[in-house]
Every structure is written in C-alpha cells, then in structure tokens.
Amino acid sequence: MDHLAHVSNQPNSQPQSQISHLALDIGGSLIKLVYFCRYDDNCRDDDELRSQNESLGSESDNSRPVLGGKLHFAKFETSKINDCLEFIHSMKLHLGGFHDCTAPSSDKIFIKATGGGAYKFADLFKEKLGVSLDKEDEMECLVTGANFLLKAVHQEAFTYLDGQKEFAQIDPNDLYPYLLVNIGSGVSMIKVDGDGKFERVSGTSLGGGTFWGLGRLLTKCKNFDELLELSHQGNNRVIDMLVGDIYGGTDYAKIGLSATTIASSFGKAISDNKGLVDYKPEDISRSLLRMISNNIGQISYLNALRFGLKRIFFAGFFIRGHAYTMDTISVAVNFWSKGEAEAMFLRHEGFLGALGAFMSYEKQCLDGLTVNKIPQRFPISVSSAGNKIYCSMNGKSNDNESIECTVYRT
Amino acid sequence: MAGLNGDPFLGIDDNIEKLQYNNNSKEAIDKEGLVVGIGEDSSNNKNNNQGGEKDMAGNSIHRSGSRPQLDLSKAEIQGNSEERDPTILLPNQTDDISHLALDIGGSLIKLVYFSRHEDQSVDDKRKKIVKERLGISNGNRRNFPVLGGRLHFVKFETSKLNECLDFISSKQLHRGGIDSHHWNSEAPANENAVIKATGGGAYKFADLFKERLGVSIDKEDEMDCLVAGANFLLKAIRHEAFTHMEGHKEFVQIDHNDLFPYLLVNIGSGVSIIKVDGDGKFQRVSGTNVGGGTYWGLGSFDELLELSQRGDNRTIDMLVGDIYGGMDYSKIGLSASTIASSFGKAISDKKELQDYRPEDISLSLLRMISYNIGQISYLNALRFGLKRIFFGGFFIRGHAYTMDTISFAVHFWSKGEAQAMFLRHEGFLGAVGAFMSYQKHGLDDLMVHHLVERFPMGAPYTGGKIHGPPLGDLNEKISWMEKFVLKGTEITAPVPMAPPGTTGLGGFEVPSSRGATLRSDASALNVGVLHLVPTLEVFPLLADPKMYEPNTIDLSDHKELEYWFTVLSGHLPDLVDKAVASEGGTDDAKRRGDAFARAFSAHLARLMEEPAAYGKLGLANLLELREECLREFQFLDAYRSIKQRENEASLAVLPDLLLELDHMDEETRLLTLIEGVLAANIFDWGSRACVDFYHKGTIIEIYRMSRNKMQRPWRVDDFDLFKERMLGSEGKKPRPHKRALLFVDNSGADIVLGMLPLARELLRRGTEVVLVANSLPALNDVTAMEVPDIVAEAAKHCDILRRAAEAGGLLVDAMNNNSLDGSRGNSSSVPLMVVENGCGSPCIDLRQVSSELAAAAKHADLVILEGMGRALHTNFNARFKCEALKLAMVKNQRLAEKLIKGKIYDCVCRYEPAT
C-alpha cells in the first residue's frame, strides 16, 4: 500500500484554514483511512500542474484558490489499531498537515470518524494522539461516499457476471433511487433517494464477519484474504447437500431444481461420518463463501424488488474485488430477479464510509469551501457540469489507493 | 435464470447451458447450482413446446403405482344391516385399502395411520323410538361416509427403520390394520398392496419395504404432500396453529374459509418457501440453502439444540454494542444487543474453535439461521401480500428458542405487520399429506367438529423426542407408567417455572425463552391421537358458532392453572379410592388405580410446565383429561355405586316433594322449583366443599336445608324475568315453550329432586322436554344410559311423568305391559325424551355434540343449562339463538369471586332471551 503523501502548496493558496486531511471509518474488523495530501513540489513537476490547469479549461476560475492533491486510502485491521495510530502519528495526519503554519493545540483538533469504533475508540485517540473524534453517522457517510464516487469518479461502478467485468456508465442525473448494500462485518441495505436522502431498509448479520469468523474457526486461516484465496481452489459440492444428493442424482424437476442446486449449505456434513475438521479448508471456504454471497444476493434482491429498485450497488470490505464473490452475488441477483435486476460493484467499495466522513468536513471545517473540479491525468469525458466534484482514477483501474483531486475555495 | 422454471426437462437445458458456460468462463460457477428456488411464474413456462412431455413426466411421478381402488362387486353388508355403521364385506376387493402413509425423511420416519373405532353402538329399541320422535332417519349411514376412527401419529428414527417395519408388521398396518378381516378376511398375503409414502426415503427404502412387508411404495411428491398436509391440519384441527413470541405461545383460530392464501415455510435440510392458494394450488416461490442442514452440518455436535439453550451467542457474535462500545445505534433503530455480524467476534479473538463453548457456537448458529429464514420468509410474504406465514419442518421441532427467533425476525422486519405461526403437527405435514393422497379416505370434507384429540397414556407424552409405538395393551400401559415413574424425576417432575414474561427489551435480539427458565423439552408439543367421530356436530342453537368459546376460565393465566392444578391434585386420592372401589377393590384395580394416579399427575405436571402442550388449555380440557385418563386405565364408571345409591335415596323422597309442589300456587311453585334446582345442585362430587356435606345428613335433609337457605336475590338473579316469560304479567298468558332442552348435571338429588320436577312443570305446561345427559360417565354426572331408568322409576309415582315418558319412548323397557306401539299412540301428553350429548366430561363444548342432540335442538326454543361444569366453567358466556336459562350453585370460592364477585354457595340464575 502506498502511504506516500505528496503534498504541494499551490502558488496562490491562501493561508491554511483549519482543514483536517484525515477521515476514518472504524469498523468492527477494519479501520479505513482516507486522507488528503496536497501536491508536493517534489513529486509534481510544474508541467504536470500546468497541464492540469489547462485541461480544466474554461471551467477553472483562476481567481479561486485551488488545493491540488491526492486522496489516499489505507486500511488496518481493527484489532491492530495501534499500528493505525502509529501510522497517523508518523504521518502527522491528525495535525492536518499544518506544517507550514502554527498548528493549533491538538486538543482542539477534531477528526471526522464514522463506524462503531468512532465511539469505542474515542478515548484511545484522545489519549494517544490528543485528538477528538468527531463522530459522523455511519449510514450518512456510506451514502455520501457512494454518491460521491458514483457521480464523480468515472468507471467507478461495474458489473461482474460470467467472469466478465464491465464498467457501467452511470448518468449522474439518473442515479437515484438505488439500493446500496454495504457488506462489512454485517450487512446494511440502504435505499438511496438522493444526496442525504436515504433509508436503511434492511440488513443481515450474515456478512463478512461471518465468513471470516466462521472460516477462521473452521479452517485455521490466518486472515481474510488467505481465506478468500482458499475458496478459489475449493469445491463446495463436497460439503454442501445438493438436490441430487437427496434425489439420488436426479433433478427435482417438478419444481425446477436441478441436481446441482444447493439444497442445504454444509448439509452434507451431517450425514458424512467426518467432522468439519476432516474437510479440506478450501472446500469449507468455498461453501461458506457461496452461502453468504448467495444469501446477501437474495435478500438484496428481495429488498430491491420491494422498493422497485433496478440497480443494486454492492460495496464493503467483504467483496474486495474478489471475482468469485462478485460472481456469486451477481448470479444470485440475476437468478432471483430472473435477469430483471443487476448487481453492480464499486471500485472503492471499502472506503465509502471513510470517504463520506471526509466529505463531511465540508459542512463544518471547510466552511466557505466547495470541493470542486478535479485535475485529470487521463482523458476522460466528464459529463455533467452541475456536479461539485469530479475525480479521476489515478493509474490502473485496480489501483484504488489514491484519487487525484482539487479542492477549490469558493 | 430462466432455466429453473418447473420444467422437468430444463435440468437438461441447464446442463447444456452450463457446458457452454464453462467454456466461456474461467470462473466456473455452476449457475443452476446456485440456490434452491424457483420463480413465481413456474407454471407459465416459456418452453411450451415441451408441455406434452411434461405431462407425461408428471404422470410418471404421480401414478407410478396403481392407486388402490375399491372393488365393490358382490359387496354385502356383514351382520345386522340395521346397525349404524355396518361393516361391508368386499369379497372381490383385491388391493388392500391401506390405512397407512409414511414420510421417510433423512432423520425421522413419520407414520400416520388410521384405525377404526370398535363398533360400540347400542342400538336398542328405546333409542330408536327417540330417534323417530326427533325425526332422525335410519338412513344415517349415508350422512356419514367416513367411518369413525382414529388417526395416529408416530415417529421413528430413520436409523431404526427396522423398528418401524416391525411396528407396521405387528399392527398389520400395511394390510389396512388388524381389523382388515372386516374387509377381506380370507385374503392371502397380497402382492398388490401399496403404501403411500413421501420423502427421500420413499425412493431409498422402497426395496426394503417390498422385501420385508411385501408392499410397494407409491411415491408422492413432497411439496404436494406438505401442502395437502398443512391444508388438512389447518382446516381440521381447531388449535393447530399458534404464535410464539418471547416464550409465550398463543393458539390462533383459523377460519378455514379465510385460510388462503398463506406462505408455508418448510425448514428441512434446506428451506422451501411455498405460496399456498388453495387445495392443490400452490407454488414454490422461494427457498434458501441456509437451513437445518446448515445448522447440523456446521454444528457437527450432538444434541445441538439442547446445547443452544445454555449458550450465549454474545461470546461469538459481533453485536452492535461491540462495534459501538456498548452503545445502541439508535438512529437506525439497532440496539446494542442486536447481532451485527454472526460469528463476527471470532475474527478478532485469538481463540480457536475448541476454545469456544459448543453451546455458544450452537446458539450463534441457531440464531443466524433462524433470523435469516424469518427475514427471507417475510420478504417473500411481503412480495405476495401475504399476512400469514406458517413455519413447519423438522428444524423447528417445537423448540421454543427457534420459534422465538423466527417470530422475532418476522415481527422485527415487518414492524409487526406479519405474523409467524407454527403448527403443532409440524413434523407430520408430509405424512398427513401422503395419507390424504389416498383417493378413498373420504376425509376431504371432514370438519373441525368431527375431530377430537386425545392424549393416550400409552405413548410417551413428554414429547419432542421420538415417540415409540403407542401401547395398546392395558398391562403395557401400566408397566410403562411404572417405569415412567421410576424415571419420573428426570422426565416430568414438576419444575418451578417462571411465568412467561418479557425481557422488556422488546427488540428482536433477546428472546426471553432462553437459559434457565427453559427446560430442554419444555416447549416440545405433544401430538395426540385424532379421534374421528363423524357423528359429532356443532350445536345448532349457538348464536355465533365462530365466536363461541366454551371455556369461561382461561388457564393461560398461570395462577389460574396453578389453582386448578392444586384442586385436581387434592381430589386425586379420593378419586382413586372411589375408582378402585368401583372395580371391586381388587389388587388389579389397585394397580390400575396407582397407574391412573401417576399418569394423571404426570399429565398435570406436564401441563403446569407447558400449558399449551396439548393445544389450547381450558378448564374443560383439564377436567376431560381426568375422565379420559380414568377410561384409559379401564375405570369405566368410578362413581357407579355412589350414583346408584343416591338415585335410590332421592327417588324415595321424590313423591313427597312432588306432593308438596302440587299444593303450591303456580308462582310459588315456579320459584320453589328453581330454588330446588339450585339447592339440589349442591350434591356434587366434583366439589370438595360439597363432599363434606355428605357426612352431615340424609339427602332430603341437606336438600331442604339448602333450599331453605336460598335467600333471594341470588348473586345473579334473573328469576323475575324468567317468571314473566313463563307466567306472564297482568293476566296475559304467554304461550308455552315448544321444546326445552335440559342439560342435566349430577346423579341423585340433582336430577331427581332438582331437574325432574322442573321438567315435569314444563311438561305440564305443554312443553316437550328433552333431557340431555352425558354419553360417557364423568364423576357422578348422570349419563344418558341412566336417565331413562331414573325417569321410569319416578314415573311410577307421577302420571305427568309417566305419560310424557311413554310418549317419548322412555318406558319401553321399563313397562312390559304396554305394547310398543302404545308408546306413541298414547299421545295425550307431550313427550319427555332423553338424548346423549356426545361427550364424557363434566363440561360441554357445544361445538362438538352428538347428532342426536343436534337433531333435538331443531325445534327447541328453550335451553336450560344446569350445574357448574356446563353453565359456569363452560358456556357461562355462551349466547343462544333461543331463550337460555343457566342455573348453578357456585361451590368453589375462587370461581365465585372470579365469575360473579360473590362467595361460595352463591347462586346463579341467568335468563337470556333469544338473540
């Protein structure tokens, strides 16, 4: 993970306001950080800057102050929160990069944070870093983050079916309503009707935490990614009870169940005379992954159906770009909806909350500031002019560790 | 996916699709293997061109075996053709009519079988005359196409299949039961015998059945059976469905005209979610692969459910509070104890699998799966606008915590709009459905009032576990009881039980029925034998049969139950003494008496622990249980000699009483008669307080003392209203009643000195009188068999009674000097008749009365209910289409306080005009 912070001072930048450059999403299993670094002269040459300004063309108002920089994304396991604190400390992120002016006394510094840990670890942050956590509502952050990404970042959303990844063109004017399914430790399902207009309509406790927790207990895997990797090599039929297992290898055709349909996840483990420890970890992992992905896909679809939503965006750290997971979820949505609804995924899936928390600075500390037009390194057609923020992806499509952006002062 | 659409051949399409798919994709994901489920429009299959083949395939599923058909050629009635339900010989019947159906699942085999009642109809001449008077034709049989009998429910573990085969073989169930000689006595072992069966085992064990029993298994579709079973049970059994919230169980009366549509969720290894629109009309709309198999597969522990009751899922689940530092996430309505992520805590803890307590893992799994099923079920109910969701299947098995969790999930997600309901016979849906698939069972039109559920002592009734074969033999029952008592402390010792309460938390996260207050089998429901009595009918004079509730006292109030538990326990030694004495006090009688006492105590203890174990519990049920229990141990009439003695003593003083009455003017006489009924009602062996009286004087002394004490106004006193109806006011003579039904109570003074004189007064006024008495003995209650003799004896001293009794055909046996025909010819008097009420309990449930009584009610315009059991414990609040008079002396302090805010020995005289 690239933790380099490239900070630059724009020539015509005003004296620093109290802009904190860090926002946190402290979840049950992971801490997500989003932090903003201004371009550093050392890493951005003037040519590049110039070309940016050119590319902004007439839209840019040179009379406005511009903060150029990058949004960086980082994550830590919540259980290793000390590593995270150390990271923040070493990067002086909590001081908001106030290295060129007098830093205010740290006890007046607020850092935006969301997730349950914003409550749970508030004291720890105060103690270790001397900063207060300004708690932002989790759902609001998720929605703000998602709205931001879907509107501002080109090629943020994509479908994944039959192993084919396809970027979806989202018309920012035709974004709402949609269903946002955030799969963290647990799963939240949010109906989003507009900026700040949303409702958590459902959820399930079978989520990433279940996969990881149960998986860890059953396979002795050391971490989530290892478990996901394992599932690649597994065969769930060894452990799942299929329709064919019940009907002697034949389909239960009358109700349209083929012999290979999973009748009961882990159901074969009842009758076999072996304990779960006797099964191969990869088979367990795959069975578990399918169980949870299927279930999330099914409940999401049922909720989308309920509110007549055609688009379902899946996000959260459970997915982490894992092809098989996305495929399973997509097939589930496709299956239950008979092709009516489509599962879509977000490239910054894990950082919605943290991004949303970051965006919330706008309200208080970025007083008088509007985050605005983004410099683009790659020619990307930016459709709407009415939106406040445009971002472009920095680098390869899978590299979601930073987004270049510019903050304008109005 | 279009593929999964209910077409038998689509499986093949799917495979093709899959092959192509696999070629196209490196990420091989078998789409058709995704999840159990099928879309709603399964019938509108797009592959219409395969329709014909589809039908053929359907036929092969449904008609794979020959259906048993009756060969009626040369049928003849065996024995006396005038019997009501004569058996019919079918000499040419080749296929045995099997009375057995099976559901052979992965873990349990469920049997449903039917046995016919032994024919005990006593069709004497007297009864025939009564019937003629009441206009009951002899062609009755045609009204009852179904033979009376019993539907038995038995379970075996699939691993003990041989026990099951032995059981079937010993009872000859595969040949239509032991009584099959009625059908075809000479039949050799029949090669064509066919048994209906469903479940995976119907395929797996078909050869074994052929080999061991020589029968073929006719395989019925599982979904068809589930739905047919659920429909039957929901329609035929009054208290089949119940809700279960926070440990509180409540039975739901389902109007069978308003049953459809509903969602049936069957939780087996996997879960099927079925929308049911009618008989045979259903659609599997959804399902989930996270079901019972997942629970046991992932759990891999023995006694997983047992374990979960002691578990604490908080050690392993990640709760909202774990994330929010102990706080609620109140903004979106999640409390700190809501599960955020099942098993989520296991990711950060350093613990390994073996470091967690199995019970915690088990509970966590149970909650995860139950919530999920509840949620998906609700979402599907919502989708189709269904308010009722019935959950069944072997996963639930009456387990309180599972039901609570599912209920919470449904309630939580629907914000109280939808209701999760469970079925008492949940495990038997498939087997009942298979049974229903016999074409000739004739049960289709069965009504709720035809079925009476009984809980024989012969089968282990502690419930929930495997039921062994029911014990038929009395000795087996007794020795089972004795064994039972040896182990009794483990099985049913009454356990102090906290009354079902709420946690106060209210959320869906903390169902209260967990941990210490819940015994392992506490919520396992018992399933009794369904007695099918086709002659039972709903009492036609009930004003609103649908709203009618017989019980006045609701025993779901735990204090009330405790009280009656104490009362009945207190009665028990005395009752056993009487019962043993009634059977001659032999050693055998003593042994049976002991067994009865134990059995009844065990029943009571079970009910204390789980009041709804046998369905909705009212006082009437409790009192009936006692009588059933006595009969079970062959105490047919424990009070026989007492009743006889008291009848004789009362009859001896009757002439004096009648003389006294005849000297009074009409108004005084009416009051004295009602006083007399109330006073005589004190003679009641069912009341502890009254039993003490018996030591204080002769019957007539007590009667007079009691009558003299009658101080009006009584606690409930509508006498003046009744008097006005009878005698009129201001010289206007009202017309007399056409026919009065007198529901009589006790033997002895109660009927002889109380009700008979009242009946006589009505007769004198030109009102036909029908005395309605019990079909079977209950305590010292007079039975319909006994009343005619009492009337005959009384008639010796009274012309009014004699003429009326003759007119009513009651004196056929008693008076040999009169010709039979004379009984009707001598018709200067209105008749006095006797009918049985169809029950054997001190109380009466008017939804299930004899067809005789129903017929007698046709022209009746006055109903008189007498005694605590029939007028107070039950029917106190019942409303009738005709006038009703409810008369009783309250011989129980608690009841007096509760019902009429009065004292013991207060009297009730409630007169209600027709509604």
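Colleague: Are H19(B) and H20(B) roughly parallel or roughly antiparallel to each other?

Modeller: Happy to start there, and do keep in mind that this is a predicted model. The axes of helix H19 (residues 587-609) and helix H20 (residues 619-632) of chain B come within 9 Å and cross at roughly 150°. Angles over 145 degrees count as roughly antiparallel. H19(B) and H20(B) are therefore roughly antiparallel.

Colleague: Which residues of H20(B) make the contact with H19(B)?

Modeller: The crossing of these two helices, H19(B) and H20(B), is right-handed. On the H19(B) side, the contact is made by B:Phe596, B:Ala599, B:Phe600, B:His603, B:Leu604 and B:Leu607. From H20(B) come B:Leu622, B:Leu625, B:Arg626, B:Cys629 and B:Leu630.

Colleague: By class, how many residues in the contact of H19(B) with H20(B) are nonpolar?

Modeller: One residue in this contact is polar and one is charged. The nonpolar residues in the contact of H19(B) with H20(B) number nine.

Colleague: Let's move on to the sheets. In the open sheet that holds S9 and S12 of chain B, which strands stand at the edges?

Modeller: This open sheet of seven strands runs in the order S9-S8-S16-S15-S10-S11-S12 in chain B, with mixed pairing. The twist averages 30° from one strand to the next. Each edge strand has a single partner strand, so one side of it is left without a neighbour in the sheet. The edge strands are S9 (248-252) and S12 (281-288) of chain B.

Colleague: What is the bridge partner of B:Phe242 in S16(B)?

Modeller: Strand S8 (residues 241-245) and strand S16 (residues 419-423) of chain B pair in the antiparallel sense over two bridges. In S16(B), the partner of B:Phe242 is B:Phe422.

Colleague: And where are the edges of the open sheet in the order S19-S25-S24-S23-S20-S21-S22 of chain B?

Modeller: This sheet has seven strands and its pairing is mixed. One side of each edge strand is left without a neighbour, because each has a single partner strand. The edges are S19 (716-717) and S22 (832-836) of chain B.

Colleague: Do S20 and S23 of chain B pair in the parallel or the antiparallel sense?

Modeller: Strand S20 covers residues 739-743 and strand S23 covers residues 862-866 of chain B, with four bridges joining them. In S23(B), B:Val863 is the bridge partner of B:Leu741. The sense of the S20 and S23 pairing in chain B is parallel.

Colleague: Finally, what percentage of the residues of chain B count as buried?

Modeller: Chain B has 32 helices and 25 strands. Of its 915 residues, the buried share is 60%.

Methods:
Residues numbered from 1 in each chain as written. Chains lettered and ligands numbered in written order. Predicted model: local features only at pLDDT ≥ 70, side-chain atom pairs only at ≥ 80, totals over all residues. Heavy atoms only, no water. Pairing = 2+ DSSP bridges. Axes fitted to C-alpha atoms, helices over the stretch in contact; angles between N-to-C directions. Parallel < 35°, antiparallel > 145°, perpendicular 65-115°, else oblique. Left-handed = near helix turned anticlockwise from the far one by under 90°. Contact = heavy atoms within 4.5 Å. Nonpolar A, V, L, I, M, F, W, Y, C, P; charged D, E, K, R; others polar. Buried < 20%, exposed > 50% of the residue type's maximum accessible area, 1.4 Å probe, protein only.
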